[in-house]
Amino acid sequence: MPTTIPTLTDLHARGAAQQPTYPDAAALEAAVAELRQRPPLVFAGEADELKARIADVAAGRAFLLQAGDCAETFGNVTATNIRNSLRVQLSMAVVLQYASQVPVVKVGRIAGQYAKPRSNDLETRDGVTLPSYRGDAVNGLDFTPEARVHDPRRLLDVYNSSAATLNLVRAFVNGGFADLRTVHSWNADFVRSSNVEEKYTRLSEEIERAMAFMIACGVSDDALRTVHFWASHEALLMEYEHALARIDSRTGTPYGTSGHLLWVGERTRQLDGAHVELLASLRNPLGIKMGPSTTPADARALVERLDPDAEPGRLTVITRMGAGTVRDALPPLIEAVEATGRKVAWVCDPMHGNTYATERGYKTRSFPVIWDEVDGFFDVHAELGTWPGGVHIELTGNDVTECVGGVHELDEADLATRYETACDPRLNRDQGIELAFYLAERLREDIARRGINPVQAFEPREL
Ligand SMILES: O=C[C@H](O)[C@H](O)COP(=O)(O)O
Ligand SMILES: C=C(OP(=O)(O)O)C(=O)O
Ligand SMILES: [Mn+2]
């Protein structure tokens with residue numbers, strides 16, 4: 001069990017990948033010193049609770065829905081934006097939970113997802129070359145030399161924006177906004193106003209009846225009114241994550257207090273790298289992204305390094321293989337991890353392996369291809385007898401046009417209409433709910449095929 005946090009100097013000595021290059025060392029020191037004084041954003045006990053929920057996912061007793069922006073921006077910390085994001089995620093969770101009858105653990109890419117690893121350090125437009133945008137945590141999106149300077153004071157803005165976001169999320173989920181009856185009414189609106197298949201309308205009507213049944217049974221108002229919703233982000237920036245790594249007063253052990261679940265990205269998961277070293281020292285539930293270049297030996301070494309005690313709920317492995325690759329590349333990784341005796345939560349990110357640029361230069365993803373990767377992920381787990389634990393999706397609750405396909409059949413020409421992402425293309429609200437209907441159906445079939453009876457298999461838990 002970890003007991004100490006490595007020093008920032010030790011971490012940098014490992015040549016941390018994807019870090020900002022700050023021109024002003026004194027400004028950086030001042031920002032970090034201030035951050036170290038700030039209270040934690042989450043409580044270690046909450047991270048423990050999430051770990052227990054993820055242990056359910058790993059054991060095949062729950063499904064993880066992890067979703068949100070590719071890159072949060074300071075400008076989007078508004079009530080409307082946060083409400084819309086929560087709304088689509090809760091809508092998706094209800095559809096999934098009803099149709100599959102599997103408890104859904106809800107984790108947002110939210111309240112900290114402000115730093116981005118990039119393929120290139122530089123961006124060129126019309127012959128002008130500037131540093132790439134690395135997320136609002138590091139620099140500004142505007143294509144000007146001033147905006148693109150790496151500014152350490154932004155780390156304090158990340159803290160403040162995350163605190164404001166978490167505050168509203170907590171108020172929403174505890175204050176009645178997440179009431180099952182309200183969430184259901186949003187889904188009912190979706191099926192009424194969209195041209196979806198008849199079976200989805202039927203599903204929505206069934207949910208209505210199920211709720212009426214629960215109310216008639218006397219299910220408590222509290223159970224209908226509140227949900228748990230957790231915050232997660234990629235732990236990318238050493239200075240920020242280190243400043244918020246704290247010793248938990250209850251146990252005397254280190255936790256990352258910038259979010260409940262922290263993950264290491266595809267570009268920063270080097271076994272001896274700074275990111276793995278820092279996360280190994282924290283007791284939070286952790287995610288590891290794995291792309292198609294991951295070897296079974298890499299997978300094995302990473303899970304052993306980040307989870308030496310084989311602790312239930314510690315690890316979520318988020319695979320992002322690409323639709324054309326998942327069926328071949330995923331089985332050896334699952335076998336390698338299973339051979340260590342660990343039960344991890346296997347989660348499919350069908351976004352990052354399926355990005356392409358249109359002729360007009362928009363980064364996009366196609367809904368049918370996204371679905372194909374999820375379907376392939378389910379196929380592989382069905383074949384191996386392992387549990388398809390969840391999905392990891394980039395989405396927004398707004399009506400953007402960033403991914404093609406889906407219920408409104410967006411095509412490449414539509415992308416210009418409302419292309420708002422600061423980094424990768426996200427599913428919009430209707431595409432998100434549509435994905436939930438697809439997932440629900442696939443999960444329901446799988447559960448039936450595995451002979452699982454939800455009434456006996458799943459524990460009633462406060463979710
Ligand atoms: O969100 C993930 C990465 O930061 C993103 O996909 C990188 O995109 P890029 O290849 O445009 O740098
Ligand atoms: C950077 C991301 O993904 P990956 O590390 O899988 O490329 C992301 O999730 O936005
Ligand atoms: Mn992304």
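The expected span of a helix is 1.5 Å times one less than its number of residues. The exercises below apply this rule and a few others to a predicted model, whose mean pLDDT is 95, with 99% of the residues of the chain reaching 70 or more.

**Exercise 1. Work out what span helix α4 should have, and compare it with the distance between its end C-alpha atoms.**

Solution. Begin with the limits of the helix: α4 runs over residues 79–100, and it has 22 residues. At 1.5 Å a residue the expected span is 32 Å, and because the end C-alpha atoms lie 31 Å apart, the two values agree. Then consider the surroundings of α4, which is mostly covered, since 16 of its 22 residues are buried. Finally, look at what follows the helix: just after α4 comes Gln101, which takes a positive phi of about 65°.

**Exercise 2. Decide whether Glu266 and Lys289 are buried or exposed, and find out whether they are listed in the UniProt record.**

Solution. First locate the two residues. Glu266 belongs to the loop between β8 (261–264) and α10 (274–280), whereas Lys289 sits in strand β9, which covers residues 286–290. Next apply the cut-off, by which a residue is buried if 20 or more other C-beta atoms lie within 10 Å of its own. Glu266 has 20 such atoms within 10 Å and is therefore buried, and Lys289, with 22 other C-beta atoms within 10 Å, is therefore buried as well. Then turn to the contacts, leaving out residues up to four places away in sequence: Glu266 touches Lys289, Gly291 and Arg320, while the contacts of Lys289 include Trp263, Glu266, Arg320 and Asp349. Last, consult the record: an unreviewed UniProt entry lists Arg109, Glu266, Arg267, Lys289 and Arg320 under "binding site".

**Exercise 3. Describe the shells around ligand 1 and ligand 2 by residue and by class.**

Solution. Start with ligand 1, which is surrounded by Cys70, Lys116, Pro117, Arg118, Ser119, His352, Cys423 and Asp424; by class, this shell has three nonpolar, two polar and three charged residues. Continue with ligand 2, around which lie Cys70, Pro117, Glu234, Gly265, Glu266, Arg267, Lys289, Arg320 and His352; here the classes are two nonpolar, two polar and five charged.

**Exercise 4. Explain why Cys70, His352, Glu394 and Asp424 can be said to gather at one spot.**

Solution. The starting point is the annotation "binding site", which in an unreviewed UniProt entry covers Cys70, His352, Glu394 and Asp424. These residues span 355 residues in sequence, yet no two of their C-alpha atoms are more than 10.0 Å apart, so they gather at one spot. Now take two of them in turn. His352 lies in the loop between β11 (345–348) and β12, and because it has 21 C-beta neighbours inside 10 Å it counts as buried. Asp424 is in the loop between β14 (390–394) and α14 (429–449), and because it has 18 C-beta neighbours inside 10 Å it counts as partly exposed. Setting aside neighbours within four places in sequence, Asp424 is in contact with Cys70, Met351, Thr355, Lys363 and Glu394.

**Exercise 5. Classify Arg360 as buried or exposed, and state how far it lies from Asp157.**

Solution. Arg360 is placed in the loop between β12 (356–357) and β13 (363–364). A residue is exposed if 12 or fewer other C-beta atoms lie within 10 Å of its own, and Arg360, having 10 such neighbours, therefore counts as exposed. As for distance, Arg360 and Asp157 are 203 residues apart in sequence, and their C-alpha atoms are 33 Å apart in space.

Note on methods:
Residues numbered from 1 in each chain as written. Chains lettered and ligands numbered in written order. Predicted model: local features only at pLDDT ≥ 70, side-chain atom pairs only at ≥ 80, totals over all residues. Near = placed C-beta within 6 Å. Nonpolar A, V, L, I, M, F, W, Y, C, P; charged D, E, K, R; others polar. Helix = DSSP H or I, 4+ residues; strand = E, 2+ residues; numbered from the N terminus. pLDDT = per-residue confidence, 0-100. UniProt positions renumbered as here; feature names shortened; annotations may be inferred. Contact = placed C-beta atoms within 7 Å.
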